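Visitor: I'd love a close look at one part of this model, with the pockets as the way in. Could you walk me through it?

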Amino acid sequence: MKKAIIGIFLCVVSVQLTHAQANLPGSTTTPTKEEQELLDLSKAKWQWMANKSVDTLNGLFKENCVFVHMGGSWGKTQELNTIKNGFIWYKKAAVYGASVNIFGNTAILLNDIDLLAVVGGNEVTHAFMVTEVYLKEGGKWKLGSLTFSTLLRPVKMNNNNNDQQQH
């Protein structure tokens with residue numbers, strides 16, 4: 001009897017797990033129209049950050065959004081000032097995989113990237129998993145949070161710059 005109960009439990013759990021898997025970077029599922037819209041928005045955001053397009057980013061970032069970096073966390077105003085004044089120049093984000101999971105009016109987007117940035121006058125490249133949280137308001141997606149998590153994998157990006165620090 002005990003084995004039968006454990007067997008049924010394992011069957012139920014395995015069925016639930018096969019239907020409840022999140023989309024992860026590198027997954028082979030075809031995104032829905034709304035998921036693709038978010039993936040395209042995220043891709044555009046990386047370009048806006050590289051171009052220091054603070055006016056465009058100001059429209060994308062929610063007023064109370066948060067940014068988590070290796071060196072600290074802050075809100076919208078400080079992030080826009082950081083970009084505008086070049087304290088962090090998001091020079092290039094090479095995206096190797098991206099995924100999005102939508103929960104009603106909230107979307108969580110993951111990007112597996114190498115980020116080439118200029119920080120404190122030094123050019124550095126880091127491997128990150130970036131978590132972006134978007135909230136849909138009035139039919140438009142707004143960025144509510146952006147978090148950089150360091151990955152332990154080697155940097156894949158080749159920038160032909162031997163003086164550059166890699167982490």
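Which element gives the largest share of the lining of the largest pocket?

Guide: Happy to, and please keep in mind that this is a predicted model. The element you want is helix H2, which contributes nine residues, the largest share of that lining. H2 covers residues 33-50, and it is joined in the lining by strand E3 (88-103) and strand E4 (106-119), each of the three supplying at least two residues. The pocket itself has a volume of about 410 Å³. Its lining counts 24 residues, and those nearest the centre are Leu-39, Lys-43, Val-95, Ala-98 and Asn-111. For anyone thinking about chemistry, the lining splits into 10 nonpolar, nine polar and five charged residues.

Now to the helix. With 18 residues at 1.5 Å a residue, H2 should span 26 Å, and its end C-alpha atoms are indeed 26 Å apart, so the expected and modelled spans agree. Which of its residues are buried? They are Glu-35, Leu-38, Leu-39, Leu-41, Ser-42, Lys-45, Trp-46, Met-49 and Ala-50. A general point helps in reading that list: an α-helix has 3.6 residues a turn, so residues three or four places apart point the same way. Leu-39 deserves a second glance, being buried in H2 and also among the residues nearest the centre of the largest pocket. The buried residues of H2 pack against helix H3 (54-60), helix H4 (76-84), E3, E4, E5 and strand E6 (140-150). Just after the helix, Lys-52 takes a positive phi of about 55°.

The second largest pocket makes a useful companion to this view. About 260 Å³ of space lies there, and 15 residues line it, with His-69, Met-70, Gly-71, Ile-88 and Val-119 nearest its centre. Strand E2 (72-75), E3, E4 and strand E5 (122-137) each give two or more residues to that lining. By class, the lining holds 10 nonpolar and five polar residues, with no charged ones, whereas the lining of the largest pocket includes five charged residues.

Let me finish on E5, one of the elements that the buried residues of H2 pack against. Leu-135 lies in this strand. At 26% relative accessibility, Leu-135 counts as partly exposed, because buried would require a value under 20%. Setting aside residues up to four places away in sequence, Leu-135 touches Lys-62, Asn-105, Thr-106, Lys-140, Trp-141, Lys-142 and Gly-144. As for Ser-145, 10 residues from Leu-135 along the chain, the two C-alpha atoms are separated by 9.4 Å.

Methods: Residues are numbered from 1 along each chain as its sequence is written. This is a predicted model: local features need pLDDT of at least 70, side-chain atom pairs count only at pLDDT 80 or more; totals for chains, interfaces and linings use all residues. Side-chain values use heavy atoms; hydrogens and water are left out. On a 1 Å grid over the protein atoms alone, a cavity is a set of points where a 1.4 Å probe fits but cannot get out, and a pocket is an open set with protein on both sides within 12 Å along at least five of seven lines; lining residues have an atom within 4 Å of a point. Grid points are joined across faces, edges and corners, and a volume is the space filled by probe spheres set on the points. Helices (H or I, at least four residues) and strands (E, at least two) are DSSP runs, numbered from the N terminus. Ala, Val, Leu, Ile, Met, Phe, Trp, Tyr, Cys and Pro count as nonpolar, Asp, Glu, Lys and Arg as charged, and the others, Gly among them, as polar. Buried means under 20% relative accessible area, exposed over 50%, partly exposed in between (1.4 Å probe, protein chains only). Contact means heavy atoms within 4.5 Å. The expected span of a helix is 1.5 Å times one less than its number of residues.
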